[in-house]
Amino acid sequence: MTFTLNNRYIILTARFVSQLFSPFYLPVVAFAVLLIFSYLNLLPFLYKTLLLTAVYVFTVVLPRFSIFLYRKLNGWKHHQLVRRERRYVPYVLSITCYAVLLYLMNNLHMPRFTMGIIAGALAIQIVCALLNRWVKVSTHAAASGGVIGALMAFSLIFTFDPTPWLCLTILMSGLVCTSRLILRQHTLREVGWGTLVGIVCGWACIVLI
């Protein structure tokens, strides 16, 4: 009985972690952090609110809503969409939303490092979509790996010691990957690939853009 209860708590915790660190929300969190801790906090409150709202709409609302409609049109349950061969259209829908946001930000002449966040998230999805032909890469792991890569890149741009935050993001990534393994959504190989893709894309897009 105790063993069963413990298993239930572990699964519930894994589901909570999976939802809390959903790939959709990480760009919003990244922008919120920049608006608080970088020189962007000098911007007018209304401008910051509109910017954060735009990021939320294009990276959370529109991708999730379009994927929801796609799933409903096909009569699939949520768990049926995780099959590798059914992930291409959701990838395309999400990539389109992120690409439009990046285009709008470029037209508004946003700072390059802010566009690097969206470009990094976009690159992660494109690489995951391309790899999907051979392996079902964990987008949760890729997103958490992207945070690690982006943090290391920002530490170069703003010249600060990232060690405390790096420890925190690595811990977060470990929790996310573990939760996906516990829920049997991915194998160790799939979360490993995801983390690697995220770190490389997150770092490269911030530094090179």
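Residues are classed here as buried at under 20% relative accessible area, as exposed at over 50%, and as partly exposed in between (1.4 Å probe, protein chains only). Helices are DSSP runs (H or I, at least four residues), numbered from the N terminus. The model is predicted, with local features requiring pLDDT of at least 70 and side-chain atom pairs counted only at pLDDT 80 or more, while totals for chains, interfaces and linings use all residues. Residues are numbered from 1 along each chain as its sequence is written, and side-chain values use heavy atoms, with hydrogens and water left out.

Helix H7 covers residues 163-182. Its buried residues include Leu166, Thr169, Met172 and Ser173. Val176, Cys177, Ser179 and Arg180 are buried as well. Viewed down the axis of H7, the buried residues fall within an arc of 160°, so they line one face of the helix. The arc is taken from the directions from the helix axis to the C-beta atoms. Pro164 and Leu171, on the other side of H7, are exposed. The expected span of a helix is 1.5 Å times one less than its number of residues. For the 20 residues of H7 this gives 28 Å, and the end C-alpha atoms are 28 Å apart, which agrees. Arg184, just after H7, takes a positive phi of about 60°.

Helix H6 spans residues 139-157. Its 19 residues should cover 27 Å; the end C-alpha atoms lie 26 Å apart, in agreement. Of these 19 residues, 14 are buried, so H6 is largely enclosed by the rest of the structure. Thr159 follows H6 and has a positive phi, near 50°.

Aromatic contacts involve H6 as well. A pair of aromatic rings is described by the distance of the centres and the angle of the planes. Rings of Phe, Tyr and Trp (its six-membered ring) pair if their centres lie within 6.5 Å; planes under 30 degrees apart count as stacked, over 60 as edge-to-face and the rest as tilted. The structure holds four aromatic pairs. In one of them, the rings of Phe113 and Phe154 have centres 6.1 Å apart and planes at 85°, so the pair is edge-to-face. Phe113 lies in helix H5 (residues 112-131) and Phe154 in H6, so this pair ties together parts that are 41 residues apart in sequence. Both Phe113 and Phe154 are buried. The rings of Phe154 and Phe158 have centres 6.0 Å apart and planes at 25°, so that pair is stacked. Phe154 has a relative accessible area of 10%, whereas Phe158 is partly exposed at 29%. Tyr39, Phe113, Phe154 and Phe158 form one aromatic cluster.

Pockets were located on a 1 Å grid over the protein atoms alone, each being an open set of points with protein on both sides within 12 Å along at least five of seven lines; lining residues have an atom within 4 Å of a point. The second largest pocket has a volume of about 170 Å³. Its lining includes Tyr47, Leu50, Leu51, Ala54 and Val55. Leu101, Leu104, Met105, Leu108 and Met110 also belong to the lining. Helices H3 (45-73) and H4 (88-107) each supply at least two lining residues. H3 gives the most, with five. The lining comprises 10 nonpolar residues, no polar and no charged (nonpolar: Ala, Val, Leu, Ile, Met, Phe, Trp, Tyr, Cys and Pro; charged: Asp, Glu, Lys and Arg; polar: the others, Gly among them).

Val61 is also found in H3. Val61 is partly exposed, with a relative accessible area of 36%. Val61 and Cys97 are 36 residues apart in sequence and 9.7 Å apart in space, C-alpha to C-alpha.

How values were computed. On a 1 Å grid over the protein atoms alone, a cavity is a set of points where a 1.4 Å probe fits but cannot get out, and a pocket is an open set with protein on both sides within 12 Å along at least five of seven lines; lining residues have an atom within 4 Å of a point. Grid points are joined across faces, edges and corners, and a volume is the space filled by probe spheres set on the points.
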